[in-house]
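Trainee: Got a minute to go through this model with me? I'd like to start with the helix packing.

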Number of protein chains: 4
Amino acid sequence: MSEKSVLKKKLIVDTAKKIFIRKGFKAVSMKDIVEACDISRGGLYLYFSDTEEIFLEVLRQEAEAAEDILSSADDASAAFDVLAAFMKAQKKEILRIRKTLAVAKLEYFSSHKGSLLQQQFDADVMHLAQLIDLGVAGEVFAPVDSQAAAENIMYVLEGLRTIALTGRVSEETIDKELMILMQGLIIEE
Amino acid sequence: MSEKSVLKKKLIVDTAKKIFIRKGFKAVSMKDIVEACDISRGGLYLYFSDTEEIFLEVLRQEAEAAEDILSSADDASAAFDVLAAFMKAQKKEILRIRKTLAVAKLEYFSSHKGSLLQQQFDADVMHLAQLIDLGVAGEVFAPVDSQAAAENIMYVLEGLRTIALTGRVSEETIDKELMILMQGLIIEE
Amino acid sequence: MSEKSVLKKKLIVDTAKKIFIRKGFKAVSMKDIVEACDISRGGLYLYFSDTEEIFLEVLRQEAEAAEDILSSADDASAAFDVLAAFMKAQKKEILRIRKTLAVAKLEYFSSHKGSLLQQQFDADVMHLAQLIDLGVAGEVFAPVDSQAAAENIMYVLEGLRTIALTGRVSEETIDKELMILMQGLIIEE
Amino acid sequence: MSEKSVLKKKLIVDTAKKIFIRKGFKAVSMKDIVEACDISRGGLYLYFSDTEEIFLEVLRQEAEAAEDILSSADDASAAFDVLAAFMKAQKKEILRIRKTLAVAKLEYFSSHKGSLLQQQFDADVMHLAQLIDLGVAGEVFAPVDSQAAAENIMYVLEGLRTIALTGRVSEETIDKELMILMQGLIIEE
DNA sequence: CATGAATGAGAGTTCATTCAT
DNA sequence: GATGAATGAACTCTCATTCAT
């Protein structure tokens, strides 16, 4: 594939991403993408055979670009800051959830039992648990069951995301929930 | 509307519900429903003009039929049992989530900013908070911020539901999460 | 299916037949038929799902309408006349072969190894052999191997048909070939 | 045209021939040929502008390569052997008819009234008649109307070919038919 | 009320053909 | 000469929606 092709493919994926964010997965047609990219009907088929293929590529590029905040702590003293940064990033994502691929992912993965989403969730839980372990070891966090705490945090975040998606979640609500999650870890004196 | 019409409408709604459970919201066409109901194409239009109208009626009938476990406690001593029953019902629903309208609801409400789902969530939070208050007053539960506790429980449940929908959640995982939620309320000695 | 539907279906089949005669089988699209029948795109699909289905129905109706000249002899004295009538009908068909379904059949059956054509050929051979037997028994025909004679006649006719289809066969050529075939059966004195 | 061009053209024609054998004429697209030849889309157009042009070149090369068995007899004593060899070659071709260009030719010439096929048929008839004349003169064959006999043989062969193409013809059937044809020429004692 | 035939818009897909490189 | 990306026309098929009966 030539350099130009690579760029074209990138253009398609980037354009398609915006459409997936706006319309979810199922409602997006090849025609939508063709028109948004301003290429010809047949042109798109040179790169992708269907919307699923494009969507998976969008996810792949997104995953590639994502930085794993959770894995960035290298000593116990950083654990708290890293956790706070993670929470802040989550909050930000929840607040702008309609500008993310959340709907599309939900639509896609609720009917394509792929393990992709599950894997990512599990990985996040694991990294979070490791972070908590680090903090507990350094006596930054209270001595909790790190696995259970990590899972609890992730489920609450997932719940917030879903509610934000289907209704309204105020910034205050998110702050309050995150506060509660953090307090569960903090050493009470 | 004649009695016959009412029955016909009920038939349509009941049949459509099964289809929405199986296919979600977006993928269901008027044709699907016509064929499943074994009525005429034009016939369906006498009762509903599109799938959205049918879906909302499905939701209405479901809401009507739902019993509100959370509101059933009338004295403090029952609070614990009612909460346990609620948790058990939630667990059951999560385990059979693919046989519920969860996917369809998610699909529908993520692109139709109706307040229906939000209202129900808020109502559940409120009832749960009242239940907790009742339990706290009767010293069945530890003295917690009932509103915050209720919200936390609901978000965890929502998160479990979403993860169950897009991946796999084992019965053990659910049990563990529910246990943690319950323990947060129990009086430690 | 209502009476009107039956008529519509007949209209489609009759119209399609003309198109198959003109364009063969492979080159005919659903669009061609839709346009020729002056019905809507979707309308055609109410009756047939693809050109193959229509073509087979055309063949069925043609077979139904066909009269079996060969089986019409009931005594030896008629054998010669029936054979002559058959030959005349064959000649007529060969001369107007471009106005028959011959091309379409050839195209269709050369890639769909259905036994339909084979069956018809075998049936013709059988009836022809019976006719010859009848004539031989009544001493109208020379004592020949009726099966071999029938096959030979049918292969020559098939050959004439094919040559007529792909090139030019004059009426004289056909007459000469048919004459030779008849002479092979006639009692020489 | 450079040597390289000639080779390329040969590659295209040879590859295309295989495709025409497999798919007939109408179903073959420029894309099929491009892919099979492993050349570029535009590259093919440098040599041929459509499938018809390629097909005609395939036929030309085939005709060039074909050896004319019928013209190989130079004295009467060889007439019988040459005829037998011709019959054997015909039988072989009929048995492997699906591995020949027969379908493609039929498809092509039934809608492109080229005289190519007709010419070849006429030439075969002529050579066959000359061969028979030679045999008759040398008293190897019975004194028949050589033109009529040659035509009859060719039509039977054409009929066998067509039936073999659209149905099934057993080796025995071919042998029997060829036997009958030969016997018509042999001097009965 | 109920039917189901009919319509027509629109999505998917394939391919001949062109053209800048 | 050669490439292969790009175009756009043509075709298939599906469905929401209407309407005569």
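Mentor: Sure. One term before we start: two residues are in contact if their C-beta atoms, placed from the backbone, lie within 7 Å. Also keep in mind that this is a predicted model.

Trainee: OK. What do the buried residues of H6(B) pack against?

Mentor: Elements from two chains. From chain A, they pack against helix H6 (102-111) and helix H8 (146-166). From chain B, the partners are helix H1 (3-23), helix H4 (51-65), helix H7 (116-137) and helix H8 (146-166).

Trainee: And how many residues of helix H6 of chain B are buried?

Mentor: 10 of its 10 residues, so the helix is mostly covered. Among them are Leu106(B), Tyr108(B) and Phe109(B). Charged names are on the list too, including Lys105(B) and Glu107(B).

Trainee: Switching topic. How does chain A lie on chain B?

Mentor: A turn of 179° with a shift of 0.0 Å along the axis does it, at an RMSD of 0.2 Å. That is the relation of a two-fold axis.

Trainee: Which residue of chain A comes closest to the rotation axis?

Mentor: Gly159(A), with its C-alpha at 1.9 Å.

Trainee: Why do you say the copies meet through the same surface?

Mentor: Because 100% of the interface residues of chain A are also interface residues in chain B.

Trainee: Now inside chain A. What does the domain assignment give?

Mentor: Domain 1 is 3-63 and domain 2 is 67-183. Their centres, taken over C-alpha atoms, are 29 Å apart.

Trainee: How many residues are in contact between them?

Mentor: Eight from domain 1 of chain A with eight from domain 2 of chain A. On the domain 1 side, helix H1 (3-23) and helix H4 (51-65) of chain A each supply at least two residues. H4(A) has the largest share, three residues.

Trainee: What classes of residue are on that domain 1 side?

Mentor: Five nonpolar, one polar and two charged.

Trainee: Last topic, the DNA. How many residues surround strand F?

Mentor: 34. The closest are Gly42(A), Ser29(B), Ser29(C), Gly42(C) and Gly42(D).

Trainee: Which element gives the most to that surface?

Mentor: H3(D), with four residues. Other elements give two or more, including helix H2 (30-37) of chain B and helix H3 (41-45) of chain C.

Trainee: And by class?

Mentor: The surface near DNA strand F has nine nonpolar, 14 polar and 11 charged residues.

How values were computed
Residues numbered from 1 in each chain as written. Chains lettered and ligands numbered in written order. Predicted model: local features only at pLDDT ≥ 70, side-chain atom pairs only at ≥ 80, totals over all residues. Least-squares fit on C-alpha atoms with pLDDT ≥ 70 in both. Domains from an automatic or database assignment. Buried ≥ 20, exposed ≤ 12 C-beta atoms within 10 Å, placed from the backbone. Near = placed C-beta within 6 Å.
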